[in-house]
Amino acid sequence: MTSLTRRLGCLLGVLSVGTSLVHGQAITTVNGEEVTMLTGTKAEHTTSSIPTNLYQTYTTRITLGTTTDTASSILASVSGNATDTALSSESASETSSATLSYLTGTNSHSTSTSNATASSTESAQPVPTNTRPCNNYPEFCDRKYSNITEVGCHNSPFVRANSAAANQQLGVVDQLNDGVRFLQAQIQWAKNDTVPHFCHTTCDLFDAGPITEWLTTVKDWVVAHPYDVVTILLGNGNYSTPDFYVPHIEKTGILRYIYTPPVIPMTLNDWPTLSHMILTGQRVVMFMDYMANQTAYPWLLDEFTQMWETPFDPVDRNFPCVVQRPPDLPADQAKNRLYLMNHNLNGEANLLGNVLSVPDLSRINETNSAEGFGSLGLAANNCRSDWGRPPNVLNVDYYNMGDPPGSVFEAAARVNNVTYNRKCCGVAASSAQRIEAMLKVPLTLGLIWAAFWTLV
C-alpha cells in the first residue's frame, strides 16, 4: 500500500470516527489500524474520469435467438397453491387440480380452481383477479418494466459502521425487504485475489468482499420472493471484459432467474410486464455500465445503450435532470430509453491535496424527503416535467433515512401513482430517529485539522 493511499485511508477512518461521534457511539481507541478499517490490498486503481470511448452504439437492432416456452413456464409458475414459496419449473408436468393466482394488477382478488394443464381461455368469466403485489404493488403486475419507478441503493454492498466511505447503513437483505428493487455496486480486483470484489473506487479504501457472496445473498432472496423482480447494475470499475466476471456470476446460481432480452438495444415498448417476467421465471435484470458484450452474454445488458443517467456524485442540490452518460445522447433517443436519476448528494472535501466525495449526511433527511427543496420527490417531479415521464430509478444513499424514514419510497409511490403504506426501515423507528437527529450535528473543522496533522 502506498504512503499516500494509506494516508487517505487513515483520513477516511478519522472522518469515520467523526461520523461515529455524530452518531453518538462510543470510541474507545483512536489508533492507526483501528481507525482506517481497511481490508483491501489493491494499491493501484484506474482513473475516475468518465471514459469517452467506451459507449456502444447500434445502427440497427439485433434480434437475439432467445425463446421461452411461455405456456409451460406459466403452468409451472402457477401450479400449486399460491403462497410465498418459490416457483418451481419441476412442477410443469403436474396435472392435479390447483388454485391459480392470476397476476393481472387489478385491485380485487378472486381465485379459480381448475386443472393445472388447462389453457387460460378455459377459466370462468369474469376473469379472476388478485391483490398479490408485484414489487410491492398489485398495480405493477400489468405494467411494463419500463413504466415503473423503483428506489435504488447506490453502492448497495458498501455497508460499514463508522466509515465515511460507506453509502448505506443497512445490508442488502434489509434493502430488499424494505422495498428496494434496484441495486448498484462497483467491481474492482483486489490484489492477489482471483475473485473480483465490490470496492469503492479502490479496494484500499473500501472492500465489501467478493462479488460471489453478495450475489448469492441476492439470489437467495429472489428464490424466497417469487413475485418480485430485482435489477442489478454492475459498475465495471476496472473496465475488464465480461468474461472475467461471468464465471463468478454463474457460480452463484443467479443466472437461473436472469432476464434475457429479445432484442438489442431495448426500447421502452420492448420491455415485458412484471407479471410476464414473474410467470416466466426471469426475475433478475442485470446491467453492466462498461464493456458489456451482449452478443456473447445476452443477459448482461449494456447499460448505456438502454438506459441513461443524470450527473453522478451530484453536489448541486438543484439536481438538474440532464443526460450525463452516455454523452451527447440526442433527446429523441433519450426519451425512448430507461433512465436513472442519481440523487445521492455528496460533499467534497479537499484533503491532502486530494478531492474526496463522501455522502452529505448533514442533509440526508432533506435529500431523501418526498418534498421540499433538494428533495427526492421534487427532483423526480422535475424529471417527469422535463422528459414527460418519471425516472425508472431513484438512486439514493442511506435509503432508510429521511423525513420521515421511508420517505424515499413515498417519493417513488407518488410518481408511480400508488399508495405507500409499508413500514420502514430495517431498524426500529425510534433508533432511526435518534440516529438522524444526531447526524445533523456537523463534523467540526477542528477534527479535520487534527486529522491532517496526525497524518503528515
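## Reading contacts and cross-links in this model

Colleague: Let's begin with Lys219: is this residue buried or exposed?

Modeller: Lys219 is buried, because its relative accessible area is 18%. The general idea is that buried means under 20% relative accessible area, exposed means over 50%, and partly exposed is in between, using a 1.4 Å probe and protein chains only. A word on the basis: this is a predicted model, where local features need pLDDT of at least 70, side-chain atom pairs count only at pLDDT 80 or more, and totals for chains, interfaces and linings use all residues. Residues are numbered from 1 along each chain as its sequence is written, and side-chain values use heavy atoms, with hydrogens and water left out.

Colleague: Thanks! Which residue meets Lys219 in a salt bridge?

Modeller: A salt bridge is a side-chain nitrogen of Lys or Arg within 4 Å of a carboxyl oxygen of Asp or Glu. Here the partner of Lys219 is Asp220, at 3.1 Å from N to O. Asp220 is partly exposed, because its relative accessibility is 41%. The whole structure holds seven salt bridges.

Colleague: What does the salt bridge of Glu371 and Arg414 tie together?

Modeller: To place it, helices are DSSP runs (H or I, at least four residues) and strands are runs of E (at least two), numbered from the N terminus. The side chains of Glu371 and Arg414 meet at 3.3 Å, N to O. Glu371 lies in the loop between helix H10 (364–367) and H11, while Arg414 lies in helix H12, so the pair ties together parts that are 43 residues apart in sequence. Glu410 also belongs here: salt bridges that share partners join Glu371, Glu410 and Arg414 into one network. Glu371 is exposed at 56%, whereas Arg414 is partly exposed at 42%.

Colleague: Helix H12 also holds Asn416. Which residues does Asn416 touch?

Modeller: Contact means heavy atoms within 4.5 Å. Leaving out residues up to four places away in sequence, Asn416 touches Phe140, Arg143, Ile148 and Thr149. A polar atom of the Asn416 side chain lies 2.7 Å from the backbone oxygen of Thr149. Asn416 is buried, with a relative accessible area of 4%.

Colleague: Now the cysteines. How many disulfides are there?

Modeller: A disulfide is a covalent bond between the sulfur atoms of two cysteines. In practice, the rule looks for a pair of cysteine sulfur atoms within 2.5 Å. That gives four disulfides, in the pattern 1-2, 3-4, 5-6, 7-8 when bonded cysteines are counted along the chain. Cys153 is in no disulfide, and the nearest cysteine sulfur, that of Cys425, is 9.6 Å away. Cys153 is buried, with a relative accessible area of 0%.

Colleague: What does the S-S torsion say about Cys199 and Cys203?

Modeller: Their torsion is about 90°, so this disulfide is right-handed. The sulfur atoms of Cys199 and Cys203 are 2.0 Å apart, and both residues are buried.

Colleague: And where do Cys321 and Cys383 lie?

Modeller: Their sulfur atoms are 2.0 Å apart, and the link is right-handed, with 110° about the S-S bond. Cys321 sits in the loop between strand E12 (307–309) and helix H9 (331–334), and Cys383 in helix H11 (residues 376–387), so the pair ties together parts that are 62 residues apart in sequence.

Colleague: What is the S to S distance for Cys424 and Cys425?

Modeller: For that disulfide the distance is 1.0 Å. The torsion about the S-S bond of Cys424 and Cys425 is about 70°, so this disulfide is right-handed. Cys424 is buried at 16% relative accessibility, and Cys425 is buried at 3%.

Terms used
Polar contact = N/O pair within 3.5 Å; in protein donor to acceptor, adjacent residues only side chain to side chain.
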